[in-house]
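Subject: Structure handover

Hello,

Here is the structure I said I would pass on. My notes on it follow below.

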Amino acid sequence: MTRNHRIPPSPLPQREGVDPVRVRLPVEGPWVTVRDHLAERLSGAGAGVVDGMFDAGRVVGADGRAVSADAAYVPGMFVWFHRDLPAEVPVPFSIEVVHRDEHIVVADKPHFLATTPRGSHVTETALARLRRELDIPTLGAAHRLDRLTAGLVLFTVRPGERGAYQSLFRDRLVRKEYEAVAPYDPALALPRTVRSRIVKERGVLAAYEVEGEPNAVSHVELAEHGGPGLGRYRLTPATGQTHQLRVHMNRLGVPILGDPLYPVVTGPVPAGDFRRPLQLLARSLEFTDPVTGVTHRFRSPRTLQAWSSYDEWAGQ
């Protein structure tokens, strides 16, 4: 028997720029009702949460109608619902749009703002904000930038074109240049290319290097040095491992200023503490547009605060 795997359009609108959760019921399983499956799937949400969603009619089917708690389990059925949004401290920095056309949006993300909804960061993300501010509910991220890193992020306007832009990053067809402020070491020979194998385990905050075939390659240059023993570095990654530039700068003995993970994992920063941001900036993006064929070159006008005013950055 041939099953229809086409995903129906969501019957629920976005909320605060955030998509509803879509669940496709597994083909096989022991569940008798839809509620049984969701109660098991969302067991970490807390007692009574799933029942409360059904009681309030917040779980809907493809037709937009509420699914009752005793509705029979149908393998392959789709249901949608909105999770309760977590309480979030607003990130008090704006996100600037540096380019917008009918296919893409390039935004200059501030420090502390996550790229896409994940974990405790949902509405206070670049994607959710831009969907609301630009009124583009179809907006999607072509790649991600660490929450603590500022700089350029590419978003797509049309869902059908998103894969083409994502493939640019997957196939390493985007030239990315970063800038960092870190200690200046006159004995460190630069420029140089750092190659290593980086491992990032789920649930572990810091990535680490191991022996083996390199999967992370970064070119590191010193742009200039000055101030209180500081250097401004130009970083060009050839690969995209998690925390790659931060790990490689730490390996060279010049960890990036404001890094809470390298060389030492510090205690959690209280929500709302936006002092001493990580001094890492995604400065530029260059690529040939896979849809229009246009060659794009975008550059962030941001200045890293520890370079322009170290005392102000350190004294926050």
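This is a predicted model. I begin at one helix and work outwards. After α5 comes glycine 253, which has a positive phi near 85°. The helix itself spans residues 244-251 and is mostly covered, with six of its eight residues buried. The buried residues are Gln244, Leu245, Arg246, Val247, His248 and Met249. Their cover includes strands β7, β8, β9, β10, β11 and β12.

Just before the helix, in the loop between β11 (230-237) and α5, sits histidine 243. Its phi is near 65°, a positive value in a residue other than glycine. Is histidine 243 buried or exposed? Histidine 243 has a relative accessible area of 12%, and because the limit for buried is under 20%, histidine 243 counts as buried.

On the other side of α5, the loop between α5 and β12 (280-288) holds two points to look at. One is proline 263, which is joined to tyrosine 262 by a cis peptide bond with omega of about 10°. The other is arginine 276, found in the loop between α5 and β12. The phi of arginine 276 is positive as well, near 45°, and this residue is not glycine. With a relative accessible area of 33%, arginine 276 is partly exposed. As background, most residues other than glycine have a negative phi, and most peptide bonds are trans.

A further cis peptide bond joins leucine 190 and proline 191, with omega of about 5°. Proline 191 belongs to the loop between β7 (175-183) and β8 (192-199).

Strand β11 contains glycine 231. At 0% relative accessibility, glycine 231 is buried. Which residues does it contact, leaving aside neighbours within four places in sequence? Glycine 231 touches Ala180, Val181, Ala182, Pro183 and Tyr184, along with Leu222, Glu224, His225 and Trp307. Glycine 44, by contrast, is 187 residues from glycine 231 along the chain, and the C-alpha atoms of the two are separated by 46 Å.

On the surface there is a positive patch, formed by Arg118, Arg144, Arg162, Lys200 and Arg202. Arginine 118 lies in the loop between β4 (104-109) and α3 (126-134). Its relative accessibility is 58%, and because exposed means over 50%, arginine 118 counts as exposed.

Some figures for the protein as a whole:

- There are seven helices and 13 strands.
- The C-alpha atoms fill a box of roughly 70 × 45 × 40 Å, taken along the principal axes.
- Of the 316 residues, 44% count as buried.
- The exposed area is about 16,400 Å², and carbon and sulfur atoms supply 49% of it.
- Among contacts between residues at least 6 apart in sequence, 63% join residues at least 24 apart.
- The protein has 39 positive and 36 negative charges, and the mean positions of the two sets are 3 Å apart.

If you want a place to start, look at α5 with histidine 243 in the loop before it and glycine 253 after it. The cis bonds at proline 191 and proline 263 could come next, and then the positive patch that includes Arg118.

Regards

Definitions and conventions
Residues are numbered from 1 along each chain as its sequence is written. This is a predicted model: local features need pLDDT of at least 70, side-chain atom pairs count only at pLDDT 80 or more; totals for chains, interfaces and linings use all residues. Side-chain values use heavy atoms; hydrogens and water are left out. Helices (H or I, at least four residues) and strands (E, at least two) are DSSP runs, numbered from the N terminus. Buried means under 20% relative accessible area, exposed over 50%, partly exposed in between (1.4 Å probe, protein chains only). Patches are made of residues with over 30% relative accessible area and no salt bridge: like charges are joined within 9 Å, nonpolar side chains (Val, Leu, Ile, Met, Phe, Trp, Tyr) within 5 Å. Accessible areas come from the Shrake-Rupley method with a 1.4 Å probe; for residues, only the protein chains shown count as cover. A salt bridge is a side-chain nitrogen of Lys or Arg within 4 Å of a carboxyl oxygen of Asp or Glu. Lys and Arg count as positive and Asp and Glu as negative; His and the chain ends are not counted. The place of a charge is taken as NZ of Lys, CZ of Arg, CG of Asp or CD of Glu. Contact means heavy atoms within 4.5 Å.
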